[in-house]
Amino acid sequence: DSNQSSHSINDSNLHCMDIDDQHSNTKTCHKSYGLLPEYLVSDEEDDDNSLSQEENTSPSSELIREIHIDFEARLATIPKENRKRHHAEFVAWMVKMKEMKQSLYERSKIAVQLKRNDRLQREKLENTRVQQLEELRNQQIKSRQLQQSHQQDEHIKMLESIASKGIQFSEYIEKQKRKLLEHMRTTIDQIIEIKKRILQVFNTYQKSKIASHLPKSTEEISSILENLHMKAKRAITQADSDSRSIDETIIAAVQDCLSKAKILHQLVKKAQNLVDSEIKEAKAKELEAQKISAAKQTELIQKHQTNEKLTTNSVAESTKLSCDIKQKKDEKENTTEPKASISNNIYVPKYVSNNAWRQYIAIMQSHKDYEKTFSNLMNDAKAKKCRFDLLIAITTPINTIATQSAEHLLDKIRRLHNLLSGKQVTCKGKVITSTIHPEGPAFCRDIMASKFIKQADQQISSSHASAFPIALTALGVWSEYPEMGNLFLAHFYSLCPYTVPFNIPKLANQSDEEYFKKLGYHIKDGELEDEDQYLKRMSGIIRLYAAIIQSTPPQGPDHAHPHGIEYGWKWLARIVNMDPVPNVTATLIFDFLQVAGNKLNLTYGKQFEKLITLICKEYYPKLEAVTPKHKRGPLSRLLLFLEECLKKRHIPKPEGHIDQSFWR
């Protein structure tokens with residue numbers, strides 16, 4: 001029985017093992033055919049481990065284990081012969097237990113799956129919460145950065161506003177400083193002007209017997225004025241070097257210098273008035289003597305007029321025009337003011353021809369009278385803007401004259417014509433008319449003539465070719481307005497008396513400064529300009545004069561020339577009848593022939609050739625005699641030019657010459 005019982009137990013165990021093997025095979029089958037998920041059938045998965053652990057620890061597993069133990073205990077009490085009887089029941093019961101175990105396993109698997117899903121859901125929620133926290137943190141960081149950026153922008157704007165206000169304030173301070181400096185410089189200029197006036201008074205009366213009326217000696221007053229000038233200059237230098245504002249004490253110091261200078265000027269002015277009153281008495285005594293001298297002068301001029309013959313057909317006759325005429329000079333030394341004009345001097349043929357002299361006197365007197373016609377406009381402080389506008393309307397077209405095209409020059413002539421005729425002209429955005437003031441047209445004519453001649457001084461002296469477009473423009477205005485002729489000539493004669501031609505002599509009572517100003521020299525701060533610069537300017541003026549003479553009016557060859565080539569012949573004949581001036585005469589003849597020589601040759605032919613021969617053979621030795629050997633540059637240029645002209649019997653057209661084809 002015991003063997004039978006043990007055999008039954010073994011069979012039962014074998015059956016249980018078969019069931020486990022069947023369950024294992026079922027797992028393998030499910031795993032093979034994908035009936036169960038990987039994590040439920042794989043022994044390597046963490047979830048299966050956890051599942052088996054749950055099975056081992058679950059109440060059902062404990063119950064099964066207890067049943068096994070109870071069953072084996074009871075089986076041990078059953079006799080072997082009875083075990084077979086209960087074996088079928090036990091197997092059925094075990095199958096039921098296996099089914100129950102399978103059901104528990106399925107439930108456990110579902111519980112694991114739910115647990116896993118719950119864990120995944122928690123992880124997902126946790127990740128979502130972490131992401132939300134991260135986004136919230138990033139938003140807070142961005143918000144703080146944006147706030148900081150906004151604060152920085154506000155701070156920068158505030159700093160820029162402060163800097164801008166600081167710059168504006170600095171500019172205001174600098175502007176005020178410039179105004180004060182300009183005012184102080186004007187004050188110093190006034191001191192210098194007072195100094196010049198006082199020195200002029202001293203220079204005027206230093207040889208006078210009544211100089212005792214002056215308050216102090218020249219040296220003392222000059223020293224005082226120089227000290228005042230230097231004190232004011234130091235003050236403005238100190239003010240200019242100060243990077244901040246100008247101290248009021250500096251301004252007061254400059255004003256004090258000006259006040260003292262004005263007091264000195266008033267004292268000198270009073271002395272001058274006393275001197276003038278005594279001079280008038282002296283003049284009254286000499287009036288009779290001057291009348292006698294004037295009568296003698298008139299008689300001598302009439303005598304010279306009967307003997308002078310200037311022909312355009314024979315140069316030889318023109319050279320005899322004034323050679324045999326001499327003048328007796330009987331004039332007392334004038335101790336009065338050095339304001340005696342050339343009209344009070346005795347005419348001397350070696351300085352100027354008779355006809356040229358009379359023309360010179362008439363034109364200069366006419367211009368002096370003409371200036372009175374617009375004196376109100378010149379002296380009226382309220383008309384300053386009017387003068388400025390008219391000046392701009394005149395200088396703008398004249399300063400921009402160039403050889404661009406015929407339309408360009410015609411436009412300049414038209415604009416100047418409109419201004420002189422009282423029509424409206426537009427200049428720099430302004431509409432201007434000469435009739436804005438009753439004396440405006442007269443003012444425009446004189447300023448326009450002056451500006452044309454000054455172009456020769458400033459521009460043509462450096463660029464010879466520019467003489468021709470400027471001459472054509474001036475000639476276009478001159479042809480339309482004949483009254484402009486005397487104004488042109490007056491300004492020519494003022495800037496360069498050699499356009500007369502007139503070798504102005506120095507008067508006995510005339511200072512060197514006044515004499516050189518009459519000759520056309522520039523004097524700045526008491527310094528006389530260099531001779532080379534003076535010759536350069538005279539060359540520019542004579543070139544403009546010659547260019548006007550030889551040019552055809554822009555209106556066409558049929559239009560009458562107001563100052564044609566015949567005046568060029570007169571000028572050349574007159575200058576060779578005068579005593580030469582070192583370097584000046586040679587320079588002017590060379591420039592004049594270089595510009596107008598071609599037209600003179602075409603007009604006068606053989607007579608002009610005779611004149612050139614005369615200059616070479618008879619006049620050149622005179623030039624050579626008065627010219628120092630170390631200053632014969634202009635003389636050499638003239639000689640080479642004349643010899644070349646005689647050799648080729650032709651004078652070429654000058655550089656920049658404008659002929660009739662230009663207008664087509």
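What share of the 664 residues in the protein chain is buried? In this predicted model, buried residues make up 39% of the 664 residues. The accessible surface of the protein chain comes to about 38900 Å², and carbon and sulfur atoms account for 52% of that surface. The secondary structure consists of 21 helices and 4 strands, and among contacts between residues at least 6 apart in sequence, 73% join residues at least 24 apart.

Two of the helices can be described in more detail, beginning with helix 13. Its values are collected here.

| Property of helix 13 | Value |
|---|---|
| Residue range | residues 440-460 |
| Length | 21 residues |
| Span, first C-alpha to last | 28 Å |
| Expected span at 1.5 Å a residue | 30 Å |
| Kink, centred on K454 | about 25° |
| Buried residues | 18 of 21 residues |

The span of helix 13 is thus close to the expected one, although the helix carries a kink of about 25° that is centred on K454. Helix 13 is also mostly covered, with 18 of its 21 residues buried.

Helix 5, which covers residues 80-205, holds I162, and this residue belongs to a nonpolar patch on the surface. The patch is formed by M158, L159 and I162, which together have about 290 Å² of accessible area. I162 counts as exposed because its relative accessible area is 53%, and exposed means over 50%. As for the spacing of such positions along a helix, an α-helix has 3.6 residues a turn, so residues three or four places apart point the same way.

Methods:
Residues are numbered from 1 along each chain as its sequence is written. This is a predicted model: local features need pLDDT of at least 70, side-chain atom pairs count only at pLDDT 80 or more; totals for chains, interfaces and linings use all residues. Side-chain values use heavy atoms; hydrogens and water are left out. Patches are made of residues with over 30% relative accessible area and no salt bridge: like charges are joined within 9 Å, nonpolar side chains (Val, Leu, Ile, Met, Phe, Trp, Tyr) within 5 Å. Accessible areas come from the Shrake-Rupley method with a 1.4 Å probe; for residues, only the protein chains shown count as cover. A salt bridge is a side-chain nitrogen of Lys or Arg within 4 Å of a carboxyl oxygen of Asp or Glu. Helices (H or I, at least four residues) and strands (E, at least two) are DSSP runs, numbered from the N terminus. Buried means under 20% relative accessible area, exposed over 50%, partly exposed in between (1.4 Å probe, protein chains only). Contact means heavy atoms within 4.5 Å. The expected span of a helix is 1.5 Å times one less than its number of residues. The bend at a residue is the angle between axes fitted to the seven residues ending there and the seven starting there.
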